[in-house]
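User: Could you take a close look at one helix in this model and at how its neighbours pack against it? I would like the geometry, the residues in contact and the cut-offs behind the terms.

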Amino acid sequence: MTAPAVDLTVHHRPKGLSDRVAYGFVKALRFCADTFFAKRYGHRAVVLETVAAVPGMVGATLNHLKCLRRMEDDRGWIKTLMDEAENERMHLMTFIEVCKPTLFERFVVVAVQWVFYLFFFGLYLVSSKTAHRVVGYFEEEAVISYTHYLAEIDEGRSANVPAPEIAKRYWALSADATLRDVVLVVRADEAHHRDVNHGFANEIAGLPVTETAPCPPHEVLQPNWKAAA
Ligand SMILES: [Fe+2]
Ligand SMILES: [Fe+2]
């Protein structure tokens, strides 16, 4: 499997206060991440993927509960959001094979999860449109970060190690796949999440839903799923 091409130019121009708040928030977090991680892309991926896997599960939970209360159809949103959460968790399980977080980073992950889960849950209750816009902008930044990671590998500053077994199986990569192939499919996943979440925000706002980047095919996880088949 080779990664689908990614349009790196996609950006939702903020329209209105909700979009501006979402964009400003994400840019502030980007500044914090750049300061904290600098060019340690492996560490950055491990820590930030633990955060990236939260919104999909929050959105799925709250939409699930809303559909139960209103006794109405979800139009495919719940499964889409759960798939996003699972996909982000698989990014984490992949990068943990490439780079081990420091003890301090593990502490940051635990602390940030408390704050971010509660914050995002509250935001989704107050404005699901802003919440999806925040994720759309997060994913725009993720596409940029993984593009930088690719440049690090291509220019020899990060070793292009063999792809972890878990990644080869999950994305059906070739036996000789490398970290570069993994970053390419992860970036394609992020581009897909970016367009899906901007699309959801647009739908809530009554704006036209723009095109969605294709999602690379993933192995369906079954009970007792293991990296090595
Ligand atoms: Fe991710
Ligand atoms: Fe993502």
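Analyst: Happy to help; what follows starts with the whole chain and then turns to helix α2. This is a predicted model, in which local features need pLDDT of at least 70 and side-chain atom pairs count only at pLDDT 80 or more, while totals for chains, interfaces and linings use all residues. Residues are numbered from 1 along each chain as its sequence is written, and chains are lettered from A and ligands numbered from 1 in the order in which they are written.

The chain holds seven helices and zero strands; helices (H or I, at least four residues) and strands (E, at least two) are DSSP runs, numbered from the N terminus. The radius of gyration is 17 Å, close to the 17 Å from the globule rule for 229 residues, so the chain is as compact as a globular protein of that length. That radius is taken over C-alpha atoms, and the rule is 2.2 Å times the number of residues to the power 0.38.

Now to α2, residues 41-70, and its packing on α4, residues 103-126. Their axes are 9 Å apart, at an angle of about 30°. Axes are lines fitted to C-alpha atoms, for helices over the stretch in contact, and angles run from 0 to 180 degrees between N-to-C directions. The two helices are therefore roughly parallel (under 35 degrees; over 145 is roughly antiparallel, 65 to 115 roughly perpendicular and the rest oblique). In the contact, α2 supplies residues including His43, Val47, Val54 and Leu62, and α4 supplies residues including Glu105, Val112, Phe116 and Leu125. Residues are in contact if their C-beta atoms, placed from the backbone, lie within 7 Å. By class, this contact has 15 nonpolar, four polar and one charged residues. Here Ala, Val, Leu, Ile, Met, Phe, Trp, Tyr, Cys and Pro count as nonpolar, Asp, Glu, Lys and Arg as charged, and the others, Gly among them, as polar.

The other partner to look at is α5, residues 128-154, whose axis comes within 11 Å of that of α2 and crosses at roughly 155°. That makes α2 roughly antiparallel to α5. On the α2 side, Tyr41, Arg44, Ala52, Pro55 and Gly59 take part, meeting α5 residues among them Ala131, Phe138, His148 and Glu152. The class count for this contact is eight nonpolar, three polar and two charged residues.

Pro55 and Gly59 of α2 also appear in the contact with α4.

Notes. Contact = placed C-beta atoms within 7 Å.
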